[in-house]
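Please open the structure in a viewer and keep the selection tool at hand. The tour below proceeds stop by stop, stating at each one what to select and what is found there.

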Amino acid sequence: MSKRILVLACSYPSSLDPLAGIFVQAQAGVLAAEYSVAVLNPMIYGIGGFIRRIQQTAESDTGLERVPVVRPRAFLSQTSPRSIRKGLLKSARAGLNELCDSWGKPDLVAAHFAVYSGWLGLQIAKDLNIPYVLHEHASPFAMYLRDSESRELARLAIAGASSVIAVSPHLEREILDFDPAARTVAIGNFVDTDHFTLATQPRAPQPFTFLSVGKASSQKGFSYLLEAAAILARREEKKFRIVLGGDGPELSALRRLAVQLQISHVVDFLGSIPPSLVLENMRACDCVVMPSLHESFCIVLAEAMACGK
């Protein structure tokens, strides 16, 4: 019987947020080719999140064959750091019991991000007396140093891991600066090169096209891309297009900014797009650009390289 790996992540794709933790889902799919894999996606909710909880509790499809996912929810009446930690642990333990009944006891916990998933993974591993590994993607790692609660959870999660897998050498150095005794290794995120491939057909004639894909959040720096496009539009006579793929909290503001900069006629906002359309747009563009303020490992650029960009 193959070993059972429990993937624990507080961020994982759902119908409400299909891009959340999509790299976690991709790794779970790869592991499932060799091992028995299940996903535990614990969450907490307050009064305002009641409807969202009802929607997600009914959802069980992960988009992956042979990978069951459990999305336990725990009600949170307070928002103090201690309450959040206790609520998530209660949620995770409830989901674990459900998985153990339907799937079996895991042999290994693989958690993503020290706070909170790594700390939760450590507690679950202790409960079951099994090893736990931490996959760290934090961008930037300093996000864990902003308050005493995050620092303590990160310290415990890193010190308790049998191995800490950093997605880049730079992130590995940051982790070792934080905890010189950490057992680290740098392994980058992977790209599905069976999916992201060179185009087989010539492109139709079109203006020079820049493509950027990601969650429409301040971290991704799309506003700077639009400002740069406005400068280019004033300086260049050659026609060009900006294609932005992705949904998120800043999308409406970005649309307004494009109008304000008088470049809405050259910017296409695609909103949330599935991997198939990401591939289609990568093949069709001339250049992929990522104006992110910080990234631990920019998987979009790696996918673009696989497409020959």
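Which residues in helix 4 meet which residues in helix 5? The model is predicted, and this pair of helices is the opening stop. Select residues 114-128 for helix 4 and residues 148-159 for helix 5. On the helix 4 side, the residues to display are A114, V115, Y116, G118, W119 and L122. Their partners in helix 5 are S150, L153, A154, L156 and A157. Sorted by class, this contact comprises 9 nonpolar and 2 polar residues, with no charged residues.

Keep both helices selected and consider their geometry. Two packed helices are described by the angle between their axes and by the distance separating those axes. Here the angle is about 45° and the axes lie 8 Å apart. Helix 4 is therefore oblique to helix 5. The crossing of the two helices is left-handed.

Next, select V115 and Y116, and inspect the backbone. The peptide bond from V115 to Y116 is cis, with omega near 0°. Y116 has its place in helix 4, and both V115 and Y116 belong to the contact with helix 5 already visited.

Move on to N129, in the loop between helix 4 and strand 7. N129 is not a glycine, yet its phi is positive, at about 60°. N129 counts as exposed because its relative accessibility is 71%, and the cut-off for that class is over 50%.

Continue to strand 7, residues 132-136, and then to the loop between strand 7 and helix 5, where P140 is found. Select S139 together with P140: the peptide bond from S139 to P140 is cis, with omega near -10°.

Now turn to the loop between helix 8 (251-260) and strand 12 (267-271), and select Q262 there. Is Q262 buried or exposed? Its relative accessibility is 65%, so Q262 counts as exposed. Q262 also has a positive phi of about 60°, although it is not a glycine.

Finally, select the entire protein chain. It contains 10 helices and 13 strands. Its C-alpha atoms fill a box of roughly 65 × 45 × 45 Å along the principal axes. The radius of gyration is 21 Å, which agrees with the value near 19 Å for a compact globule of 309 residues. Of the 309 residues, 47% count as buried. Among contacts with a separation of 6 or more, 72% are between residues 24 or more positions apart.

Note on methods
Residues numbered from 1 in each chain as written. Predicted model: local features only at pLDDT ≥ 70, side-chain atom pairs only at ≥ 80, totals over all residues. Heavy atoms only, no water. Axes fitted to C-alpha atoms, helices over the stretch in contact; angles between N-to-C directions. Helix = DSSP H or I, 4+ residues; strand = E, 2+ residues; numbered from the N terminus. Parallel < 35°, antiparallel > 145°, perpendicular 65-115°, else oblique. Left-handed = near helix turned anticlockwise from the far one by under 90°. Contact = heavy atoms within 4.5 Å. Nonpolar A, V, L, I, M, F, W, Y, C, P; charged D, E, K, R; others polar. Rg over C-alpha atoms; globule rule 2.2 N^0.38 Å. Buried < 20%, exposed > 50% of the residue type's maximum accessible area, 1.4 Å probe, protein only.
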